[in-house]
Amino acid sequence: MSVFDDNLKIWFSGKFVPWKDATIHVCSHVVHYGSGVFEGIRCYKTPKGSVIYRLDAHVRRLFDSAKIYRMTIPFKQEDIFNACIETVKVNKLDEAYIRPIVFRGYHSLGVDPRKCPVEAVIAVWRWGKYLGPEALANGVDVCVSSWTRLAPNTMPALAKCSANYMNSQLIKLEAIAGGFVEGIALDAAGYVSEGSGENIFVVRDGELITPPLGASVLPGITRDSIIKLAEEEGIPLREQIIPREMLYIADEVFFTGSAAEVTPIRSVDHIPVGEGNPGPITLKLQKAFFEVVDGKRPDKYGWLTHL
């Protein structure tokens, strides 16, 4: 069943249009060559009203991705920031998933994209827990994928680009075909990189470890939040390369991401992680994350944009 609501409106290059009218031509450059960059942002319903989580960081990353691909967005960061807020408000949603996407549109085809206009679109909809309704409480079963993350100097892993997610689809589809919820990809050197759409953290002997950005890792916004929250909680943390087998002997493993939030991993390749249940450090950081979102913990970093 679709998560979309045809009654919603979409912000399309500066104006709101009905959901069904937000269309592009089949010969748009993005359709043929994947020339788009995008973001995924959550708006949460809280006791103190609706808040968008780390909107400024997401908008900045959107512009960073566009710059890497030499796409000049015809709006300022402030414009996209405000448009995200207005799109939630216009659709009268108290919680939402926000999807800004910037892409090369309709003019001509060929690898050279320069004559194709750059379009900016923002859609919002209600989207539940990305890895399933039980995932946050019980954890998920995952596998190590046979598909490798992009090698350095092939496609930029720091950009959240539509084309990169063909690699993610292969990882995800293979995992589902094998009876798993998600897959973990290794980098070109054979070390742990990330999930199809999530960053990854490992806990061993009370210490938190996460792969460095050089391991073909997207610079996740939630990843950055967890690094800061771990420091607040006094949890030691290192960014370093992680061998595959560390996943099997880790005390805890968890995913982070704007969609996945903080999701425990209970098994990898049918091998239980720790006791096979979400561990104490994972639960502590998950609790801290949602305390910030719900306004139960001071927003000392200015992560929340109140609507």
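At 1% relative accessibility, S193 counts as buried, a class that means under 20% relative accessible area, with exposed being over 50% and partly exposed in between (1.4 Å probe, protein chains only). The model is predicted: local features need pLDDT of at least 70, side-chain atom pairs count only at pLDDT 80 or more, and totals for chains, interfaces and linings use all residues. Residues are numbered from 1 along each chain as its sequence is written, and side-chain values use heavy atoms, with hydrogens and water left out.

**Surroundings of S193**

S193 belongs to strand β10, which spans residues 192-195; helices (H or I, at least four residues) and strands (E, at least two) are DSSP runs numbered from the N terminus. A polar atom of the S193 side chain lies 3.1 Å from the backbone oxygen of S216. Not counting residues up to four places away in sequence, S193 touches R149, A185, L186, D187, I200, P211, A215, S216 and V217, where contact means heavy atoms within 4.5 Å.

**Nonpolar cores**

In soluble globular proteins, nonpolar side chains tend to be buried together. A nonpolar core is here a set of buried Ala, Val, Leu, Ile, Met, Phe, Trp, Tyr and Cys residues joined through side-chain atoms within 4.5 Å. The largest such core has 26 residues, and those with the most contacts inside it are I52, I80, I98 and V102. Two or more residues of this core come from each of β4 (41-46), α2 (55-68), α3 (77-90), β6 and β7. A second, separate core has 23 residues, among them L136, I226, V293 and L304.

V102 has contacts with S35, G36, V37, L62, M71, I73, V118, E119 and A120, leaving aside its neighbours within four places in sequence. R61 is placed in helix α2 and is buried, with a relative accessible area of 7%. With neighbours within four places in sequence again left aside, R61 is in contact with E39, K160, L218, P219, G220 and I221.

**Surface patch and backbone angles**

Y33, L109 and V111 make a nonpolar surface patch of about 290 Å². Patches are made of residues with over 30% relative accessible area and no salt bridge, like charges being joined within 9 Å and nonpolar side chains (Val, Leu, Ile, Met, Phe, Trp, Tyr) within 5 Å. Accessible areas come from the Shrake-Rupley method with a 1.4 Å probe, and for residues only the protein chains shown count as cover. L109 sits in the loop between β6 (96-104) and β7 (118-125) and counts as partly exposed at 40% relative accessibility.

S13 is a residue other than glycine with a positive phi, near 50°. This serine, S13, is found in the loop between β1 (9-12) and β2 (15-18) and is partly exposed, with a relative accessible area of 28%. H270 is likewise a residue other than glycine with a positive phi, near 70°. The loop that holds H270 runs between β15 (261-268) and β16 (271-272), and H270 counts as exposed at 64% relative accessibility.

**Salt bridges**

A salt bridge is a side-chain nitrogen of Lys or Arg within 4 Å of a carboxyl oxygen of Asp or Glu. By this rule the count comes to 22 salt bridges. Three pairs are listed below.

| Lys or Arg residue | Asp or Glu residue | N to O distance |
|---|---|---|
| K129 | E261 | 3.2 Å |
| R204 | D205 | 3.9 Å |
| R238 | E207 | 2.7 Å |

The K129 and E261 pair links distant parts of the chain, 132 residues apart: K129 is in the loop between β7 and α4 (135-138), and E261 is in strand β15. K129 counts as partly exposed at 36% relative accessibility, whereas E261 counts as buried at 1%.

R204 is partly exposed, with a relative accessible area of 32%, and its partner D205 is exposed, with 65%.

R238 lies in strand β13 (residues 237-239) and E207 in strand β12 (residues 207-210), so their salt bridge ties together parts that are 31 residues apart in sequence. R238 counts as partly exposed at 34% relative accessibility, and E207 counts as partly exposed at 21%. Elsewhere, salt bridges that share partners join E232, E233, K287, E291, R297 and K300 into one network.

How values were computed. Polar contact = N/O pair within 3.5 Å; in protein donor to acceptor, adjacent residues only side chain to side chain.
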